[in-house]
Amino acid sequence: MKKSVMITTPAYYVNARPHIGHAYTTIACDTWARYQRLTGNDVFFLTGTDEHGDKIVKAAAEQGKSVEEYCDEIAGEFKSVWQSLGISCDDMIRTTEVRHKKVVTEILQKIYDAGDIYAGEYTGKYCFGCERYLTDKELNGKGECEVHLKVPEVISEKNYFFKMQKYLPIWKEMLLKNSSLVQPEGYYKEVLGTIDELVKNGEDLSISRPKKRLKWGIEIPFDKDYVTYVWFDALINYVSAAGYGASSFGVRWSGAHHMIAKDILKPHGVYWPTMLLAAQIPMYKRLIVHGYWLGFQDQKMSKSLGNAKDPLELSAWLGNDALRFFLMREMNFGGDARFSEEIMVNRLNANLANDLGNLVQRTLSMLKKYECGPAPSAKLHQSGDTIHAALKTLKKDYHQRFESFEFHNAIESVFVLIRLLNKIVDEYKPWQLAKENLPECVSLLNTLLRAIVIVLLYLRPVLPEKTADLLSLLKVKSDEEFPDTLTAVHFAEAKLDTWPMLFQRIEIKE
Ligand code: ME8
């Protein structure tokens, strides 16, 4: 039955241009969204930008731009990068949009009216250089701000607090009943640990900032002197984009999946669920967490370290599909992965140029050379039995792995079939059959072609451009369901003249 599924990326900060870390999450969501669409589900794929808070004000000031102008510029860059990477998102929300501000205001008022927001005194270590409170982790050995080398002042001020403590036990109960709410398992455990820690220290969540220090935010509806704390604002993007308040919201939200990296596990695994409970919005379906791309010396790739790769530069070199393939296949979803040119070139040459590229290239070349097809009426070859057995495994593994966000394993399940097909070519030697037994050669090459079509159909979510090119050449509809038998494949009788080269071998540049 057709399901409604929603998949979201984080709303990225606009304090820097998108880098390969952002591209990874967005491409992973895109791959999953494409997979879900192909299974016939109704998909809403959301991405967006997080534009309020002092980080953004500072970044704009550094560039000598007004904050509005700066946000427009970087949000525009995110949009154009996603466009050139071929991202199939259905919506891109900006937290500065009216539709979002309206929902934040509504939800704040609702929680306040229910008595779950109260005014209190906040005491913390404030750095006037950074214009924000610092945590102890952000101080150096002398207790100074690491950036401004000054001991922060301890200040107390009025702020609004959300009664997070009231909802932590309820959320914990829900998690204990349903461990699939946060995945993979390691992060599920981490969330449970964080809840216990927060319950122990008893603090609620400060959700406001005084306007005298920060104006760039959404005004608190019940106190004009305050703006909303950026996380309380940003998290709500998911429901504002899903149409909170509209009749379509319920169905859309019922299939909500959030994808993030582990850096923002606490806001998504703890703050957001307690906010949803307080606002009486149904819980998200799943929070899916991945690790970091690591650069030089295994440090997290990030804008602040300046070690992050530019996704457009990489796609200009490799093409969109090869870049997607590398990111999706190389990282074991959930763990960290190293990024280097060498790792990338080796992966792409081994899987795309060798395994897949060779299979397609030699099968099509022989079909042409021996004038064997494509001939859809050709008899299935005896190797079809082995292929069918492999297809059964593929079908089971592929869907199960996609459903559980194991991109690397889902792709690997197709490559098991690809390697088997290459083995069949080596074993039956169509070049010899062409001389000794042409009818068998025809049946073998056309059986292989059927299997290649299946491979291409299963690789559509990760290689959307290349598979579409080749499938259209073979006159196979590219929105077909995933076939599980060789005879379920339909291609046209044709004479192949030329076809696009799938993937060439690449060389290390450095
Ligand atoms: O945190 N490896 O935005 P952000 C893998 N605005 N993924 C990475 C990565 C890396 N090295 N670097 C970044 C924010 N990412 C908030 C979110 S949501 C309501 C508000 C990806 O621009 C990954 O998805 O800092 C990570 O969680 C996100 O970028 C952080 O993006």
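This section describes the overall dimensions of a predicted model, its N-terminal β-α-β unit, and the surroundings of one lysine.

The protein comprises 510 residues, of which 56% count as buried. Its secondary structure amounts to 18 helices and 15 strands. Taken along the principal axes, the C-alpha atoms occupy a box of roughly 90 × 50 × 40 Å. The exposed surface of the protein is about 22,400 Å², and carbon and sulfur atoms contribute 50% of this area. Among contacts with a separation of 6 or more, 76% are between residues 24 or more positions apart.

Strand S1, helix H1 and strand S2 form a β-α-β unit of right-handed sense. S1 spans residues 4-13 and pairs with S2 in the parallel sense, with 8 bridges between them. Within this pairing, Ile-7 lies opposite Phe-45 of S2. Helix H1 covers residues 20-38, a run of 19 residues. From its first C-alpha to its last, H1 reaches 26 Å, close to the 27 Å expected at 1.5 Å a residue. Of the 19 residues of H1, 17 are buried, and the helix is therefore largely enclosed by the rest of the structure. Gly-40, which follows H1, has a positive phi, near 100°.

Strand S2 consists of residues 42-50. Because 8 of its 9 residues are buried, S2 is likewise largely enclosed by the rest of the structure. In addition to its pairing with S1, S2 is joined by 4 bridges to strand S3, which comprises residues 91-94. S2 and S3 run parallel, and Thr-47 has Met-92 in S3 as its bridge partner. S2 thus takes part in parallel pairings with both S1 and S3, with Phe-45 placed opposite Ile-7 and Thr-47 bridged to Met-92.

Elsewhere in the chain, helix H18 spans residues 464-473, and Lys-475 is located in the segment after this helix. The relative accessibility of Lys-475 is 61%; as this value is over 50%, the residue counts as exposed. Once neighbours within four places in sequence are set aside, Lys-475 is in contact with His-490 and Ala-492. The C-alpha atoms of Lys-475 and Ala-492 are 5.8 Å apart, although the two residues are separated by 17 residues in sequence. Lys-475 is thus an exposed residue that also makes contacts beyond its immediate sequence neighbours.

Definitions and conventions
Residues numbered from 1 in each chain as written. Predicted model: local features only at pLDDT ≥ 70, side-chain atom pairs only at ≥ 80, totals over all residues. Heavy atoms only, no water. Helix = DSSP H or I, 4+ residues; strand = E, 2+ residues; numbered from the N terminus. Buried < 20%, exposed > 50% of the residue type's maximum accessible area, 1.4 Å probe, protein only. Contact = heavy atoms within 4.5 Å. Expected span 1.5 Å × (residues − 1). Pairing = 2+ DSSP bridges. Right-handed = clockwise from strand over helix to strand, strands pointing away. Areas by Shrake-Rupley, 256 points an atom, 1.4 Å probe, with all protein chains shown as cover.
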